[in-house]
Amino acid sequence: MFKNKKNNEISIVTIDPYEQTGFKFQNNEVDILDVNKTAQKQNFFISYLKFKDIITTTINLPRNTSEDELTNIISIKTYEELSLDAAVDYKITYAEMQSQNENRLFNVFVVNNDLINKNFKDISKKIPYIDYLAVAPLLYGAVYKRSLLPSVDVDCFVCLQDDDAFLAVYSGGEYLTSRPLRYTLNYIKDKYVEQSGECTSDEAFFKMLATKGLELDRENENFNPDLNTVFEDCLFYINDTINIINRIYFINVNSIYIDCSGEGIANLDKFTHSKLGIKTSILNANITINSKHFNISQQHNMMALFAKLYQDEGYEEEFNFSTMMRPEPFAKRKSGQFILTCLIALGISLAYPIYNYIAGEILEQDSQRLNNKLTELNAQANEIKQKLAQLSKEQDEVKGLTAKEQEKLDFRKSLLDEIQSKKNSYAMKGVNLFELTNIINDNDVQITSVTNDDRNLTIAATSDNEKKITELIKAIAQTPKYSVNTKKIYSDELKRNYESNISIEIKQ
């Protein structure tokens with residue numbers, strides 16, 4: 001049974017209208033569906049038609065046939081070749097075959113819509129829709145698409161059911177052709193009764209097929225010569241049909257896959273291989289992890305595969321024969337489009353007055369809101385003006401204080417500059433006086449007075465010897481940073497000495 005878990009994946013529901021059975025596939029698991037109970041509409045529903053309920057044929061057309069007229073021409077030729085009743089509602093679909101002939105070949109499938117409605121009459125009361133209705137021969141294409149079988153050889157599928165039997169040939173994974181077989185399981189049972197002369201029930205016969213089956217060894221206790229004879233006739237009939245297909249389509253069937261309803265026929269694959277010499281296997285298309293707990297026919301498994309392909313990529317969309325399709329979305333239906341058109345027209349007619357009313361309400365609300373905002377802004381503006389006036393007054397006061405402080409600052413700056421200048425100047429003069437004093441002392445000359453005028457010094461020098469004053473002048477002149485000038489050396493006879501005013505210019 002399915003576990004309760006959240007998953008957005010849509011369940012696939014497979015319906016067998018003949019057996020009145022259904023299965024629900026989801027999350028790689030399968031569960032039985034009761035077709036007598038109403039199913040959930042959100043599921044994806046798929047069913048199939050047996051070969052006995054369809055008509056197949058091959059149509060040949062010249063290669064120059066116009067594509068625009070192709071559908072009409074195929075329909076006309078199908079009605080003619082199959083002698084279809086023009087009063088019956090048929091659905092005709094076709095697909096072109098790969099062919100190297102001078103003509104184009106088309107596989108055509110014909111289904112009576114009334115027969116579909118009859119088959120699904122009871123189911124339609126509980127199952128709301130059939131999203132895809134497949135035909136039995138085309139179901140086998142899903143096993144190739146899902147890589148359950150290699151699509152490189154020519155394979156023949158032999159389907160045996162209670163009241164239906166056919167074979168379908170696939171070449172390179174693509175449908176080639178199909179043929180009906182008269183050897184249904186019921187027919188085989190009747191032939192066995194006729195051959196053995198023993199009357200047996202259906203249940204006993206099918207149980208014998210599933211448990212004992214076919215045995216090639218005559219010494220084996222399960223060997224049944226009458227049953228072997230019936231199946232030999234069946235296989236020779238199938239072999240003749242395969243040979244005819246091989247000749248018509250220039251192929252060679254490499255493998256046979258047996259699809260048998262019910263519990264199957266034991267050893268049928270070995271028996272077929274022994275009699276026909278063709279590799280034979282029992283078809284197994286199980287795709288769920290819990291399939292061993294259910295007796296699921298291969299038709300249900302293949303329908304689940306087919307439905308997933310159809311959901312993912314629109315696989316074989318043109319071969320959907322369902323007459324119980326899910327209705328299109330409301331907007332895509334003619335009635336829905338008419339209602340939507342009326343609603344749009346009504347909406348347009350009411351749009352202008354509604355627009356004016358709504359616009360007026362909006363404008364009135366906006367006006368009230370803006371008036372309230374204006375009052376609030378005016379109050380804020382007045383408050384700001386008062387603050388600006390106060391700030392302006394404070395600014396003027398600060399400017400007055402700043403001017404006074406600037407005046408004090410300028411005075412102090414000027415005073416500091418003057419002090420710095422005098423400091424530098426007096427330092428320079430002090431050095432020069434010290435140096436000149438040393439020169440004067442070295443020359444044994446006395447100084448009576450010194451006068452200063454910026455860079456000019458005037459020294460009043462006296463000595464008892466005129467030569468000493470001359471030597472002093474020469475010594476000062478030899479110093480590069482001094483420039484010396486004297487006008488005259490005076491002689492004082494009362495004091496018995498010589499005097500001179502020496503002008504010295506300090507160059508640096």
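# Notebook: helix 5, strand 9, salt bridges and a patch

**Entry 1, a lysine in helix 5.** I started with Lys189, which sits in helix 5 (residues 185-196). I kept in mind that this is a predicted model. Is Lys189 buried or exposed? Its relative accessibility is 13%, and buried means under 20%, so Lys189 counts as buried. I then looked up what Lys189 touches, leaving out residues up to four places away in sequence. The contacts are Thr200, Ser201, Asp202 and Phe205.

**Entry 2, strand 9.** Next I went to strand 9, residues 154-160. How many of its residues are buried? I found 7 of the 7, so the strand is largely enclosed by the rest of the structure. I checked the two faces separately, and both are covered. Val154, Cys156, Val158 and Leu160 are buried on one side. Asp155, Phe157 and Cys159 are buried on the other.

**Entry 3, the partners of strand 9.** Which way does strand 10 run relative to strand 9? Strand 10 covers residues 165-171, and the two strands are antiparallel, joined by 7 bridges. A hairpin of 4 residues links strand 9 to strand 10. I picked out one pairing here: Val154 has Ser171 as its bridge partner in strand 10. Strand 9 also pairs with strand 12 (residues 255-260), this time in the parallel sense, over 6 bridges. For a pairing with strand 12, I noted Val158, whose bridge partner is Ile258.

**Entry 4, salt bridges.** A reminder to myself: side chains of opposite charge can pair when their charged atoms come close. I got a count of 12 salt bridges. I looked at several of them, including Lys50 with Asp163, at 2.6 Å from N to O. Why does this pair tie together parts that are 113 residues apart in sequence? Lys50 is in the loop between strand 4 (44-49) and strand 5 (54-62), while Asp163 is in the loop between strand 9 and strand 10, so the pair connects those two parts. On accessibility, Lys50 is buried, with a relative accessible area of 4%. Asp163 counts as partly exposed at 33%.

My next pair was Arg369 and Asp366, whose side chains meet at 3.5 Å, N to O. Both residues lie in helix 10 (residues 334-442), 3 residues apart, which is about one turn of the helix. Asp366 is partly exposed, at 28% relative accessibility.

I also looked up Lys468 and Asp464, which form a salt bridge at 3.7 Å, N to O. Lys468 is partly exposed at 24% relative accessibility, whereas Asp464 is exposed at 53%. Which residues are joined into one network by salt bridges that share partners? I found Lys50, Lys52 and Asp163 there, which took me back to the loop pair above.

**Entry 5, a nonpolar patch.** Last, I looked at the surface. Which residues make the nonpolar patch of about 580 Å²? They are Leu346, Leu350, Ile354, Tyr357, Ile358 and Ile362. I followed up on Ile358, which lies in helix 10. Helix 10 is also where I had found Arg369 and Asp366. At 44% relative accessibility, Ile358 counts as partly exposed.

How values were computed: Residues are numbered from 1 along each chain as its sequence is written. This is a predicted model: local features need pLDDT of at least 70, side-chain atom pairs count only at pLDDT 80 or more; totals for chains, interfaces and linings use all residues. Side-chain values use heavy atoms; hydrogens and water are left out. Buried means under 20% relative accessible area, exposed over 50%, partly exposed in between (1.4 Å probe, protein chains only). Two strands pair if DSSP finds at least two bridges between them. Contact means heavy atoms within 4.5 Å. Patches are made of residues with over 30% relative accessible area and no salt bridge: like charges are joined within 9 Å, nonpolar side chains (Val, Leu, Ile, Met, Phe, Trp, Tyr) within 5 Å. Accessible areas come from the Shrake-Rupley method with a 1.4 Å probe; for residues, only the protein chains shown count as cover.
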